[in-house]
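Colleague: I'm new to this one. Could you take me through the charged side chains, and then show me what the core is built from?

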Amino acid sequence: MSIFASETPTYSYDPRGDTLYIEYSRDQAERTVEILNGWPMLVVDLNAEDKITGIEFVGAKQFGIKRFAELLRDAQNRADLGLENPEAVVDAVEQIGDDMLALAH
């Protein structure tokens, strides 16, 4: 059973905020889990079934996806992230890669 609302994400990037958003569904976010706060920031949006509808990276190009994956792994080891399967989120972040960040628009 997947923790994502869809297996086919879409990507968008806002250069003004250096924000990458990976959307797994257009479902309404029922709650948002702040994984990393401050700078950089990473938040995960969840629908009513607690499936991930989106992941937002603020500081995406400045830090790069590999750094986000490292920070996410560290956060996972330090605390309960409030997610059903935080390891799957880490894996999803690692699969994005900086090449996908470069292609996001």
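Modeller: Sure, here is a walk through the charged pairs, a buried charge and then the core. Keep in mind that this is a predicted model, where local features need pLDDT of at least 70, side-chain atom pairs count only at pLDDT 80 or more, and totals for chains, interfaces and linings use all residues. Residues are numbered from 1 along each chain as its sequence is written, and side-chain values use heavy atoms, with hydrogens and water left out.

Let's begin with the pairs. Side chains of opposite charge can pair when their charged atoms come close. The structure has three salt bridges (a side-chain nitrogen of Lys or Arg within 4 Å of a carboxyl oxygen of Asp or Glu).

Take Arg31 and Asp50, which meet at 3.1 Å, N to O. Arg31 sits in strand E3 (residues 31–36) and Asp50 in the loop between strand E4 (41–46) and strand E5 (52–58), so this pair ties together parts that are 19 residues apart in sequence. (Helices, H or I, are DSSP runs of at least four residues and strands, E, of at least two, numbered from the N terminus.) Asp50 is partly exposed at 35% relative accessible area, and Arg31 is partly exposed too, at 34%. Here buried means under 20% relative accessible area, exposed over 50%, and partly exposed in between, with a 1.4 Å probe and protein chains only.

Glu70 and Arg67 form another bridge, at 3.0 Å, N to O. Both belong to helix H2 (residues 65–78), three residues apart, about one turn of the helix. Then there is Arg16 with Asp14, at 3.3 Å, N to O; Arg16 is exposed, at 78%, while Asp14 is partly exposed, at 27%.

Now for Glu23, in strand E2 (residues 19–23). Glu23 is buried but has no salt bridge, and the nearest side chain of opposite charge, Arg26, is 4.0 Å away. Setting aside neighbours within four places in sequence, Glu23 is in contact (heavy atoms within 4.5 Å) with Thr8, Pro9, Thr10, Thr53 and Gly54.

Finally, the core. The largest nonpolar core (buried Ala, Val, Leu, Ile, Met, Phe, Trp, Tyr and Cys joined through side-chain atoms within 4.5 Å) has 27 residues, and Leu42, Ile52, Ile55 and Phe57 touch the most other members. E2, E3, E4, E5, H2 and helix H3 (86–103) each give two or more residues to this core, with the largest share, six residues, coming from H2. Not counting residues up to four places away in sequence, Ile52 touches several residues, including Ile3, Phe4, Tyr24, Val44 and Val89.

Notes: Lys and Arg count as positive and Asp and Glu as negative; His and the chain ends are not counted.
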